[in-house]
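Biologist: Hi! Could you walk me through this one with me? I have a few quick questions.
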Amino acid sequence: MINSLKWNRFRFRIRALGDLSLPQYKGATFRGGFGQALKGVTCALKRQDCGTCLLRDRCVYVYLFETPPPVDAAMMRLYPSAPHPFVLEPPETKACHIPKGECLEFGLVLVGRALELLPYFVYAFISLGERGLGREHGTFALESVFSEDSGIPRMIYDMTTQKLRAGAPPVVSEHLMRRCKALSSASKLGVEFLTPTRIKSDGHLLDGPEFHHLIRALLRRISSLSYFHCGQRLKLDYREWISRAQEIQTVEKELSWYDWERYSTRQKQRMTLGGFIGRIAFEGTFQSFLPLLVLGEILHVGKGATFGLGHYRLMES
(Lines give C-alpha, C1' and ligand atoms only; values in the text may rest on other atoms or scores of the structure.)
Protein backbone atom coordinates (compact mmCIF):
# COMPACT_ATOMS: atom_id res chain seq x y z
CA MET A 1 0.00 0.00 0.00
CA ILE A 2 2.74 2.45 0.96
CA ASN A 3 4.75 1.61 -2.17
CA SER A 4 1.78 2.16 -4.49
CA LEU A 5 1.49 5.85 -3.69
CA LYS A 6 3.84 8.57 -4.87
CA TRP A 7 3.66 11.81 -2.93
CA ASN A 8 5.64 14.66 -1.45
CA ARG A 9 4.88 17.46 0.97
CA PHE A 10 6.05 21.02 0.40
CA ARG A 11 6.31 24.00 2.71
CA PHE A 12 5.47 27.45 1.26
CA ARG A 13 6.54 30.63 3.05
CA ILE A 14 4.90 33.96 2.21
CA ARG A 15 5.52 37.47 3.52
CA ALA A 16 2.70 40.03 3.75
CA LEU A 17 3.41 43.13 1.65
CA GLY A 18 0.36 44.81 3.16
CA ASP A 19 -2.03 43.94 5.97
CA LEU A 20 -3.88 40.66 5.37
CA SER A 21 -7.43 40.17 6.60
CA LEU A 22 -8.14 36.44 6.85
CA PRO A 23 -10.68 34.20 8.61
CA GLN A 24 -9.77 32.02 11.60
CA TYR A 25 -9.76 28.88 9.46
CA LYS A 26 -7.87 29.82 6.32
CA GLY A 27 -8.25 26.66 4.25
CA ALA A 28 -11.05 27.91 1.99
CA THR A 29 -9.36 31.30 1.45
CA PHE A 30 -6.07 29.74 0.36
CA ARG A 31 -7.66 27.00 -1.74
CA GLY A 32 -10.16 29.38 -3.38
CA GLY A 33 -7.53 32.02 -4.09
CA PHE A 34 -5.20 29.39 -5.53
CA GLY A 35 -7.95 28.02 -7.79
CA GLN A 36 -8.73 31.45 -9.25
CA ALA A 37 -5.04 32.24 -9.73
CA LEU A 38 -4.37 28.86 -11.35
CA LYS A 39 -7.22 29.30 -13.80
CA GLY A 40 -5.94 32.77 -14.61
CA VAL A 41 -2.43 31.59 -15.46
CA THR A 42 -3.35 28.34 -17.26
CA CYS A 43 -6.62 28.97 -19.11
CA ALA A 44 -5.99 29.29 -22.86
CA LEU A 45 -9.61 29.94 -23.87
CA LYS A 46 -10.73 32.75 -21.59
CA ARG A 47 -14.40 32.90 -20.54
CA GLN A 48 -14.96 29.40 -21.93
CA ASP A 49 -17.04 27.09 -19.76
CA CYS A 50 -14.80 24.22 -18.57
CA GLY A 51 -17.50 21.63 -19.27
CA THR A 52 -17.56 22.39 -23.00
CA CYS A 53 -13.94 23.44 -23.49
CA LEU A 54 -12.07 21.71 -26.33
CA LEU A 55 -8.91 21.60 -24.19
CA ARG A 56 -10.64 20.04 -21.18
CA ASP A 57 -8.83 16.70 -21.41
CA ARG A 58 -5.41 18.39 -21.35
CA CYS A 59 -6.13 21.23 -18.93
CA VAL A 60 -4.09 21.52 -15.71
CA TYR A 61 -6.91 23.38 -13.95
CA VAL A 62 -9.53 20.75 -14.84
CA TYR A 63 -7.23 17.92 -13.77
CA LEU A 64 -6.53 19.49 -10.39
CA PHE A 65 -9.95 20.95 -9.56
CA GLU A 66 -12.50 18.78 -11.35
CA THR A 67 -10.49 15.57 -11.83
CA PRO A 68 -13.00 13.75 -14.04
CA PRO A 69 -12.82 9.93 -13.92
CA PRO A 70 -11.88 8.47 -17.34
CA VAL A 71 -14.82 6.98 -19.21
CA ASP A 72 -13.22 3.53 -18.98
CA ALA A 73 -12.38 3.82 -15.27
CA ALA A 74 -12.87 0.70 -13.19
CA MET A 75 -13.75 2.84 -10.15
CA MET A 76 -16.14 5.76 -9.51
CA ARG A 77 -17.51 5.84 -13.07
CA LEU A 78 -20.81 7.28 -11.84
CA TYR A 79 -19.16 10.04 -9.79
CA PRO A 80 -18.72 13.54 -11.29
CA SER A 81 -15.11 13.72 -10.12
CA ALA A 82 -12.36 11.65 -8.54
CA PRO A 83 -10.45 12.83 -5.42
CA HIS A 84 -8.22 15.76 -6.23
CA PRO A 85 -4.47 14.97 -6.22
CA PHE A 86 -3.45 17.71 -3.79
CA VAL A 87 -4.00 18.83 -0.21
CA LEU A 88 -3.54 22.43 0.93
CA GLU A 89 -2.68 22.66 4.62
CA PRO A 90 -3.44 26.27 5.66
CA PRO A 91 -1.42 28.25 8.21
CA GLU A 92 -2.09 27.02 11.74
CA THR A 93 -2.51 30.48 13.26
CA LYS A 94 -6.07 31.57 14.07
CA ALA A 95 -5.11 35.24 13.90
CA CYS A 96 -7.38 37.17 11.54
CA HIS A 97 -5.10 40.19 11.13
CA ILE A 98 -1.67 39.55 9.62
CA PRO A 99 0.32 42.81 9.64
CA LYS A 100 2.58 43.93 6.86
CA GLY A 101 5.97 42.21 7.02
CA GLU A 102 4.78 39.13 8.92
CA CYS A 103 5.35 35.67 7.45
CA LEU A 104 2.95 32.75 7.13
CA GLU A 105 3.72 29.16 6.23
CA PHE A 106 1.38 26.60 4.71
CA GLY A 107 1.76 23.06 3.45
CA LEU A 108 1.03 21.41 0.13
CA VAL A 109 0.84 17.66 -0.49
CA LEU A 110 0.98 16.48 -4.10
CA VAL A 111 0.09 12.95 -5.18
CA GLY A 112 1.16 10.96 -8.24
CA ARG A 113 1.07 12.84 -11.54
CA ALA A 114 0.41 16.11 -9.70
CA LEU A 115 4.07 16.08 -8.59
CA GLU A 116 4.97 17.05 -12.14
CA LEU A 117 2.72 20.11 -11.82
CA LEU A 118 4.54 21.73 -8.89
CA PRO A 119 5.73 24.67 -11.08
CA TYR A 120 2.07 25.55 -11.72
CA PHE A 121 1.43 25.72 -7.97
CA VAL A 122 4.46 27.93 -7.43
CA TYR A 123 3.56 30.27 -10.29
CA ALA A 124 -0.11 30.42 -9.24
CA PHE A 125 0.83 31.49 -5.70
CA ILE A 126 3.21 34.12 -7.06
CA SER A 127 0.31 35.41 -9.15
CA LEU A 128 -2.10 35.22 -6.19
CA GLY A 129 0.31 37.30 -4.12
CA GLU A 130 0.20 40.03 -6.76
CA ARG A 131 -3.59 39.88 -7.06
CA GLY A 132 -4.22 39.84 -3.32
CA LEU A 133 -5.63 37.41 -0.79
CA GLY A 134 -8.57 37.64 1.59
CA ARG A 135 -11.41 40.10 2.05
CA GLU A 136 -9.19 43.17 1.60
CA HIS A 137 -7.09 41.60 -1.18
CA GLY A 138 -3.87 42.04 0.75
CA THR A 139 -0.77 41.34 -1.31
CA PHE A 140 2.11 39.06 -0.38
CA ALA A 141 5.37 37.70 -1.78
CA LEU A 142 6.20 34.02 -2.08
CA GLU A 143 9.58 33.89 -0.37
CA SER A 144 10.47 30.20 -0.55
CA VAL A 145 9.29 26.65 -1.14
CA PHE A 146 10.86 23.62 0.55
CA SER A 147 10.28 19.96 -0.23
CA GLU A 148 10.07 17.49 2.63
CA ASP A 149 11.51 14.54 0.69
CA SER A 150 12.45 11.93 3.35
CA GLY A 151 12.07 14.25 6.30
CA ILE A 152 14.99 16.47 5.26
CA PRO A 153 13.81 19.94 4.07
CA ARG A 154 15.31 21.01 0.75
CA MET A 155 14.81 24.44 -0.79
CA ILE A 156 13.48 24.20 -4.33
CA TYR A 157 12.40 27.84 -4.86
CA ASP A 158 13.56 31.13 -3.40
CA MET A 159 12.45 34.64 -4.23
CA THR A 160 15.94 36.07 -4.66
CA THR A 161 16.78 33.91 -7.69
CA GLN A 162 13.17 33.34 -8.80
CA LYS A 163 14.24 29.93 -10.06
CA LEU A 164 12.64 26.57 -9.40
CA ARG A 165 15.20 23.86 -8.88
CA ALA A 166 14.94 20.31 -10.17
CA GLY A 167 11.64 18.64 -9.32
CA ALA A 168 11.42 16.98 -5.94
CA PRO A 169 11.27 13.17 -5.99
CA PRO A 170 8.46 11.23 -4.31
CA VAL A 171 9.04 10.43 -0.66
CA VAL A 172 10.54 6.96 -0.29
CA SER A 173 8.60 4.33 1.62
CA GLU A 174 11.23 3.95 4.35
CA HIS A 175 10.13 7.31 5.74
CA LEU A 176 6.63 5.96 6.44
CA MET A 177 7.80 2.50 7.50
CA ARG A 178 9.82 4.10 10.30
CA ARG A 179 6.64 5.84 11.42
CA CYS A 180 4.75 2.52 11.40
CA LYS A 181 7.50 0.85 13.41
CA ALA A 182 7.42 3.59 16.04
CA LEU A 183 3.71 2.86 16.64
CA SER A 184 3.83 -0.92 16.21
CA SER A 185 3.83 -1.80 19.92
CA ALA A 186 0.75 0.31 20.77
CA SER A 187 -2.32 -1.48 22.09
CA LYS A 188 -4.01 1.86 22.66
CA LEU A 189 -3.79 4.46 19.91
CA GLY A 190 -4.81 8.11 20.09
CA VAL A 191 -6.00 10.07 17.04
CA GLU A 192 -5.95 13.87 17.35
CA PHE A 193 -8.03 15.61 14.68
CA LEU A 194 -6.27 18.93 14.09
CA THR A 195 -8.68 20.40 11.54
CA PRO A 196 -12.45 19.91 11.06
CA THR A 197 -13.08 16.39 9.80
CA ARG A 198 -16.09 15.37 7.71
CA ILE A 199 -16.71 11.62 7.57
CA LYS A 200 -20.02 10.30 6.29
CA SER A 201 -21.82 7.04 7.03
CA ASP A 202 -25.05 6.13 5.23
CA GLY A 203 -25.15 9.63 3.76
CA HIS A 204 -24.93 11.43 7.12
CA LEU A 205 -22.04 13.33 8.69
CA LEU A 206 -20.68 11.72 11.84
CA ASP A 207 -20.04 13.78 14.96
CA GLY A 208 -17.53 11.17 16.10
CA PRO A 209 -16.42 8.09 14.18
CA GLU A 210 -15.89 4.54 15.37
CA PHE A 211 -12.61 2.98 14.23
CA HIS A 212 -14.25 1.16 11.30
CA HIS A 213 -15.68 4.48 10.04
CA LEU A 214 -12.17 5.93 9.96
CA ILE A 215 -10.81 2.84 8.15
CA ARG A 216 -13.65 2.89 5.60
CA ALA A 217 -12.95 6.56 4.81
CA LEU A 218 -9.21 5.95 4.50
CA LEU A 219 -9.70 2.93 2.25
CA ARG A 220 -11.94 4.95 -0.08
CA ARG A 221 -9.55 7.89 -0.24
CA ILE A 222 -6.23 6.08 -0.54
CA SER A 223 -7.42 3.42 -2.99
CA SER A 224 -8.91 6.06 -5.31
CA LEU A 225 -5.82 8.30 -5.12
CA SER A 226 -3.65 5.30 -5.97
CA TYR A 227 -5.85 4.28 -8.89
CA PHE A 228 -6.54 7.66 -10.50
CA HIS A 229 -3.26 9.47 -9.87
CA CYS A 230 -0.61 6.78 -9.42
CA GLY A 231 -1.88 4.20 -11.91
CA GLN A 232 -2.11 1.35 -9.41
CA ARG A 233 -5.22 -0.39 -8.11
CA LEU A 234 -4.86 -1.65 -4.57
CA LYS A 235 -5.55 -5.36 -4.28
CA LEU A 236 -7.23 -5.52 -0.90
CA ASP A 237 -10.01 -7.54 0.64
CA TYR A 238 -12.07 -4.54 1.77
CA ARG A 239 -14.71 -6.57 3.60
CA GLU A 240 -12.04 -8.38 5.60
CA TRP A 241 -10.35 -5.08 6.52
CA ILE A 242 -13.65 -3.58 7.70
CA SER A 243 -14.57 -6.71 9.62
CA ARG A 244 -11.28 -6.56 11.54
CA ALA A 245 -11.69 -2.80 12.08
CA GLN A 246 -15.04 -3.40 13.79
CA GLU A 247 -13.18 -5.32 16.51
CA ILE A 248 -11.30 -2.17 17.60
CA GLN A 249 -12.96 -0.46 20.56
CA THR A 250 -13.34 3.26 21.32
CA VAL A 251 -12.11 3.94 24.86
CA GLU A 252 -11.91 7.76 24.96
CA LYS A 253 -13.62 10.50 23.00
CA GLU A 254 -13.15 14.24 23.46
CA LEU A 255 -14.60 15.84 20.34
CA SER A 256 -16.40 19.06 19.52
CA TRP A 257 -18.06 20.37 16.36
CA TYR A 258 -16.47 23.22 14.42
CA ASP A 259 -18.57 25.10 11.85
CA TRP A 260 -17.10 27.37 9.20
CA GLU A 261 -18.34 29.00 6.02
CA ARG A 262 -16.97 29.45 2.54
CA TYR A 263 -18.22 31.12 -0.59
CA SER A 264 -18.00 28.93 -3.68
CA THR A 265 -17.15 31.03 -6.72
CA ARG A 266 -17.93 28.13 -9.04
CA GLN A 267 -21.31 27.34 -7.44
CA LYS A 268 -22.12 30.99 -6.68
CA GLN A 269 -23.32 30.28 -3.16
CA ARG A 270 -22.24 30.43 0.47
CA MET A 271 -21.74 27.02 2.06
CA THR A 272 -21.59 26.00 5.72
CA LEU A 273 -19.06 23.24 6.25
CA GLY A 274 -18.55 21.74 9.66
CA GLY A 275 -16.56 18.88 11.09
CA PHE A 276 -15.40 17.40 14.37
CA ILE A 277 -12.09 18.25 16.00
CA GLY A 278 -10.46 16.84 19.11
CA ARG A 279 -9.17 13.47 20.22
CA ILE A 280 -10.29 9.82 20.15
CA ALA A 281 -8.47 6.85 21.66
CA PHE A 282 -8.93 3.30 20.37
CA GLU A 283 -7.86 -0.02 21.86
CA GLY A 284 -7.06 -3.25 20.05
CA THR A 285 -4.56 -4.77 17.62
CA PHE A 286 -3.48 -2.06 15.16
CA GLN A 287 -0.41 -3.43 13.39
CA SER A 288 -2.09 -4.32 10.08
CA PHE A 289 -3.87 -0.94 9.97
CA LEU A 290 -0.77 1.20 10.58
CA PRO A 291 0.27 1.69 6.91
CA LEU A 292 -3.23 2.97 6.13
CA LEU A 293 -3.36 5.21 9.21
CA VAL A 294 0.13 6.63 8.62
CA LEU A 295 -0.69 7.44 4.99
CA GLY A 296 -3.81 9.20 6.26
CA GLU A 297 -1.66 11.49 8.41
CA ILE A 298 -0.16 12.78 5.16
CA LEU A 299 -3.15 12.60 2.81
CA HIS A 300 -5.91 13.52 5.34
CA VAL A 301 -9.27 11.80 5.60
CA GLY A 302 -12.90 12.54 4.76
CA LYS A 303 -14.48 15.28 2.67
CA GLY A 304 -12.77 18.57 1.85
CA ALA A 305 -9.15 17.43 2.11
CA THR A 306 -8.05 20.00 -0.48
CA PHE A 307 -9.13 22.70 2.02
CA GLY A 308 -6.91 21.07 4.65
CA LEU A 309 -9.81 19.33 6.39
CA GLY A 310 -9.37 15.90 7.94
CA HIS A 311 -5.82 16.48 9.18
CA TYR A 312 -4.96 14.21 12.11
CA ARG A 313 -2.01 12.99 14.12
CA LEU A 314 -1.47 9.53 15.62
CA MET A 315 0.02 9.02 19.05
CA GLU A 316 0.64 6.05 21.31
CA SER A 317 -1.88 6.55 24.08
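Biologist: Let's start with Thr29. Which helix is Thr29 in?
Modeller: Happy to help. This is a predicted model, and in it Thr29 sits in helix α1, which covers residues 27-42.
Biologist: Is Thr29 buried or exposed there?
Modeller: Thr29 counts as buried because its relative accessibility is 18%, and buried means under 20%.
Biologist: And what is Thr29 in contact with, leaving aside its neighbours within four places in sequence?
Modeller: With those neighbours set aside, Thr29 touches Leu22, Pro23, Leu133 and Gly134.
Biologist: Great, on to charges. How many salt bridges does the structure hold?
Modeller: There are 14 salt bridges in the structure. One of them joins Arg9 and Glu89, with their closest N and O atoms 3.3 Å apart.
Biologist: Which strands do Arg9 and Glu89 come from?
Modeller: Arg9 belongs to strand β1 (residues 7-16) and Glu89 to strand β3 (residues 86-89). The pair links distant parts of the chain, 80 residues apart.
Biologist: Are Arg9 and Glu89 buried or exposed?
Modeller: Both Arg9 and Glu89 are buried.
Biologist: OK, next one. What does Arg13 form a salt bridge with?
Modeller: Its partner is Glu105, and the closest N and O atoms of the two are 3.1 Å apart. Arg13 lies in strand β1 and Glu105 in strand β5 (residues 103-111), so this salt bridge ties together parts that are 92 residues apart in sequence.
Biologist: Where do Arg13 and Glu105 fall between buried and exposed?
Modeller: Arg13 is partly exposed, with a relative accessible area of 29%. Glu105 is also partly exposed, at 38% relative accessibility.
Biologist: Which residues are linked with Arg13 in a network of salt bridges?
Modeller: Arg15, Glu105 and Glu143 are linked with Arg13 in that network.
Biologist: Nice. Switching again: how do the side chains of Lys188 and Glu252 meet?
Modeller: Lys188 and Glu252 meet in a salt bridge, at 2.8 Å from N to O. Lys188 is in strand β9 (residues 188-197) and Glu252 in strand β12 (residues 249-264), so the bridge ties together parts that are 64 residues apart in sequence.
Biologist: Why does Lys188 count as partly exposed, and not as buried?
Modeller: Lys188 has a relative accessible area of 23%, and the buried class is for values under 20%.
Biologist: Last one: what is the relative accessible area of Glu252?
Modeller: For Glu252 the value is 28%, so Glu252 is partly exposed.

Definitions and conventions
Residues numbered from 1 in each chain as written. Predicted model: local features only at pLDDT ≥ 70, side-chain atom pairs only at ≥ 80, totals over all residues. Heavy atoms only, no water. Helix = DSSP H or I, 4+ residues; strand = E, 2+ residues; numbered from the N terminus. Buried < 20%, exposed > 50% of the residue type's maximum accessible area, 1.4 Å probe, protein only. Contact = heavy atoms within 4.5 Å. Salt bridge = Lys/Arg side-chain N within 4 Å of Asp/Glu carboxyl O.
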